[in-house]
Amino acid sequence: MILVQMGLYIAHQLWDVRLPWNFFQYCISALKEETVAHNVIKFLINVIILYTFGKMIWRLYKQLRLTQKWLRVFHSKKHTKLTKQLNDKYKKWGTEFIVVNDEKFIALTIGFFQPRIIVSTGVLSMFSNHEVEAILLHEWYHCRNRDPLKMFLLALILDGLGYIPTMKAMVRDFKTWKELLADRFAIKQMGTEYYLGNVLLKLSKVGKMQHSTAVAYFAENAINYRIMQVLEPKQRIHVPMSDFKPLLLTLSLIFIMSSIILGGCS
């Protein structure tokens, strides 16, 4: 909603598009013209909007370059024989698999509109066939739900609206729940928590991995919640929706802005 309001405000400023109502235009018009408060608020709004869209455009440019770069890397390290075997085995999934020659743990979903699953030879050799299937089912959930695209859109919003204190916590909570839902999908498809649990326990011993915002990683985050879900599948998992301090700060900023606008109207 904030981004749409910003876009409408820009359209009004550049092309004189008539607006029935716009939050930013209201903030300016609510203050008396030819006053210091009016000029300051107008300047701040323009700076915030330019900063927001500038950050988002820069993130879009960087992410497109990174995606192309990593796809080239994955294709250059592609294990042709194992890639064909995996695609033949899971043909009914309707998802492309790429197996890369690498001893490290690599299991991820990449691609905005046609997601594909990347898995390393290290994963295929490190885990049993059932454990590998649990990993692939987790990634297939991300493919079916276009999660790389959602993660990327969240990254855009977080970059642009990162000055809103609650944004970071909200994005973190969304990612946590997506991982829990992907695990639930894998467990339901396999009919047991055993194999996925084995994988998660092994990965819990591995350090934190670096990841891109346009990629859904199997071992990305929320590992403690995911293990808890596997160990106690009937127990409801409680994930705090947001931290108290960012929420309080956001409400304080809204109150201050409202006071300034109402004060300017009087």
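## Close-up views of a predicted model

**View 1. Aromatic pairs, with Trp 93 and Trp 140 as one of them.** A search of the whole structure, which is a predicted model, finds 13 aromatic pairs. In the pair formed by Trp 93 and Trp 140, the ring centres lie 4.5 Å apart and the planes meet at 10°, so the two rings are stacked. This pair links distant parts of the chain, since Trp 93 belongs to the loop between α4 (80-89) and β1 (96-100), while Trp 140 belongs to helix α6 (residues 129-144), 47 residues apart. Trp 93 counts as buried because its relative accessibility is 10%, and Trp 140 counts as buried at 12%.

**View 2. The edge-to-face pair of Phe 112 and Phe 113.** Phe 112 and Phe 113 form an aromatic pair with 6.5 Å from centre to centre and 85° between the planes, an arrangement that is edge-to-face. Phe 112 is buried, with a relative accessible area of 14%, whereas Phe 113, with a relative accessible area of 62%, is exposed.

**View 3. An aromatic cluster, and charges placed over rings.** Tyr 90, Trp 93, Phe 97, Trp 140, Tyr 141 and Phe 185 are joined by ring pairs into a cluster. One member of this cluster, Trp 140, also has Arg 144 lying over its face, at 4.9 Å from the ring centre. Elsewhere, the charged end of Lys 69 sits over the ring of Trp 70, at 5.7 Å from the centre of that ring.

**View 4. The salt bridge between Lys 178 and Asp 147.** The structure holds nine salt bridges, and one of them brings together the side chains of Lys 178 and Asp 147, at 3.1 Å from N to O. The two residues come from distant parts of the chain, with Lys 178 in helix α8 (residues 167-190) and Asp 147 in helix α7 (residues 147-160), 31 residues apart. Both ends of this bridge are buried, Lys 178 at 7% relative accessibility and Asp 147 with a relative accessible area of 0%.

**View 5. Further salt bridges, including one between helices α8 and α10.** The side chains of Arg 226 and Asp 183 meet in a salt bridge of 2.6 Å, N to O. Arg 226 lies in helix α10 (residues 223-231) and Asp 183 in helix α8, so this pair ties together parts that are 43 residues apart in sequence. Arg 226 and Asp 183 are both buried. In another salt bridge, Asp 173 is joined to Arg 172, with 3.2 Å between the closest N and O atoms; here Asp 173 is buried, with a relative accessible area of 4%, but Arg 172 counts as partly exposed at 37% relative accessibility. Salt bridges also link Lys 77, Asp 102 and Lys 104 in a network.

**View 6. Two residues of helix α3, Leu 44 and Arg 59.** Leu 44 lies in helix α3 (residues 36-76), and because its relative accessibility is 43%, Leu 44 counts as partly exposed. Together with Val 36, Val 40, Phe 43, Val 47, Ile 48, Tyr 51 and Tyr 163, Leu 44 makes a nonpolar surface patch of about 740 Å². Arg 59, also found in helix α3, is buried, with a relative accessible area of 16%, and its side chain makes a polar contact of 3.0 Å with the side chain of Asp 159.

Terms used. Residues are numbered from 1 along each chain as its sequence is written. This is a predicted model: local features need pLDDT of at least 70, side-chain atom pairs count only at pLDDT 80 or more; totals for chains, interfaces and linings use all residues. Side-chain values use heavy atoms; hydrogens and water are left out. Patches are made of residues with over 30% relative accessible area and no salt bridge: like charges are joined within 9 Å, nonpolar side chains (Val, Leu, Ile, Met, Phe, Trp, Tyr) within 5 Å. Accessible areas come from the Shrake-Rupley method with a 1.4 Å probe; for residues, only the protein chains shown count as cover. A salt bridge is a side-chain nitrogen of Lys or Arg within 4 Å of a carboxyl oxygen of Asp or Glu. Helices (H or I, at least four residues) and strands (E, at least two) are DSSP runs, numbered from the N terminus. Buried means under 20% relative accessible area, exposed over 50%, partly exposed in between (1.4 Å probe, protein chains only). A polar contact is a pair of N or O atoms within 3.5 Å; within protein, one must be able to donate a hydrogen and the other to accept it, and residues adjacent in sequence count only if both atoms are side-chain atoms. Rings of Phe, Tyr and Trp (its six-membered ring) pair if their centres lie within 6.5 Å; planes under 30 degrees apart count as stacked, over 60 as edge-to-face and the rest as tilted. A charge sits over a ring if NZ of Lys or CZ of Arg is within 6 Å of the ring centre and within 35 degrees of the ring normal.
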